[in-house]
2 protein chains.
Amino acid sequence: MAIKSALDALDIKILKILQNNSQHTLKDIAEQVNLSLSPTHDRIKRLEMDGYIKGYVGILNRKKLNLGLMVHCQVTLEKQNRSNFSEFEKSIKEFPEVISCHLVSGNFDYYLNVISEDVESYNRFYQEKLAVLPSVAHISSLFVMDEIKTTTSLPL
Amino acid sequence: MAIKSALDALDIKILKILQNNSQHTLKDIAEQVNLSLSPTHDRIKRLEMDGYIKGYVGILNRKKLNLGLMVHCQVTLEKQNRSNFSEFEKSIKEFPEVISCHLVSGNFDYYLNVISEDVESYNRFYQEKLAVLPSVAHISSLFVMDEIKTTTSLPL
DNA sequence: AAAGCCAACGAATTAAATTCGCTGGCCTTT
DNA sequence: AAAGGCCAGCGAATTTAATTCGTTGGCTTT
């Protein structure tokens, strides 16, 4: 028999609650899933231990923190060798301005999401940190005019 | 005199801690900022009340939850009137598959981030929910091959 | 049918958050 | 320059929540 690991409906319900608001009390969650405190507690700990929950974070308001500019940034690398790629990725991971980076199919290679105070500050990041990375062939910057939706909640 | 509102170095330090891990105890945070419990508590509550902290969430592991596919989706609307835009935006906000949507400068209009189980399930979303929205002129889908970096932490 | 297992339970304990009255330093006002 | 008021920080007391643990009942397995 395989190791017990599948999630049941209650686990999913708990995950849905926690991914929307992790500050609910155990009592609160227990009521919503119709269990008592201890099994609810056990389930949450199990979900954490098994890696279904990566962690708990506070979501900050970037506009109030003077980080009003978001830029989508398409980066193409020179295609010679794949070793360029891991070097590039390593740098990206260390830049706090980059809040996401994906390798995508299509014309360009990486799609970044960059947070800055303003255009000037973005330009500084662009010139001094991004454009100087070795093997960067092309970068194009798309400015975010309006943030329609942003959530960390997955469709469960 | 302006209403007291600026954040000092300790506030920023607290925000940095909370945006990385909201499960730290008050005692823990208090030690890190060199304050006692009560002022630390007061500051956190103030930061919440003033909207610097939008909320606290659990971050789930989408790969473990059978949501292995992420698609970047560029959507162009017909340009006649702006009323199309708000209708489109309203629908997007209601789709749980869409975890982010930005209005961007450049050739297309909206840039979406969509989460699905697999290509089949994405195609269902595409055909049945996205492509049928009124005034959608063009959609192109870029598949995420690798997730290099994803964080909710802002560069403070 | 008996044995073993697992999930749920409630009570007891421990730990954390919250409240509140007090204090000292700093700024304002005269 | 002195007095008064204000604000941030403090510690103790209280409330609330999380955690632990021994027990129970229902299912499955043999």
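The surface near DNA strand D is made up of 3 nonpolar, 5 polar and 3 charged residues. These assignments refer to a predicted model. Among the 11 residues around DNA strand D, the nearest approach is made by A:Leu26, A:His41, B:Ser36, B:Ser38 and B:Arg43. Of the strand D atoms that come within 4 Å of the protein, 62% belong to sugar and phosphate. Both protein chains contribute helical residues to this surface, with helix H3 (37–49) of chain A and helix H3 (37–49) of chain B each supplying at least two.

Polar contacts to DNA strand D involve side chains from chains A and B. In chain A, an N or O atom in the side chain of A:His41 is placed 2.9 Å from a phosphate oxygen of the strand. In chain B, a polar side-chain atom of B:Arg43 is likewise directed to the backbone of the DNA, at 2.6 Å from a phosphate oxygen. The side chain of B:Ser38, by contrast, has an N or O atom 2.6 Å from a base oxygen of DNA strand D.

Backbone geometry was also examined. Most residues other than glycine have a negative phi. A:Asn34, which is not a glycine, nevertheless has a positive phi of about 60°. A:Asn34 lies in the loop between helix H2 (26–33) and H3 of chain A, and it counts as exposed because its relative accessibility is 68%, where the cut-off is over 50%. A positive phi, near 70°, is also found at B:Ser135, located in the loop that links helix H5 (119–130) to strand E5 (136–150) of chain B. With a relative accessibility of 14%, B:Ser135 is therefore classed as buried, the limit being under 20%.

How values were computed:
Residues numbered from 1 in each chain as written. Chains lettered and ligands numbered in written order. Predicted model: local features only at pLDDT ≥ 70, side-chain atom pairs only at ≥ 80, totals over all residues. Heavy atoms only, no water. Near = heavy atom within 4 Å. Polar contact = N/O pair within 3.5 Å; in protein donor to acceptor, adjacent residues only side chain to side chain. Helix = DSSP H or I, 4+ residues; strand = E, 2+ residues; numbered from the N terminus. Nonpolar A, V, L, I, M, F, W, Y, C, P; charged D, E, K, R; others polar. Buried < 20%, exposed > 50% of the residue type's maximum accessible area, 1.4 Å probe, protein only.
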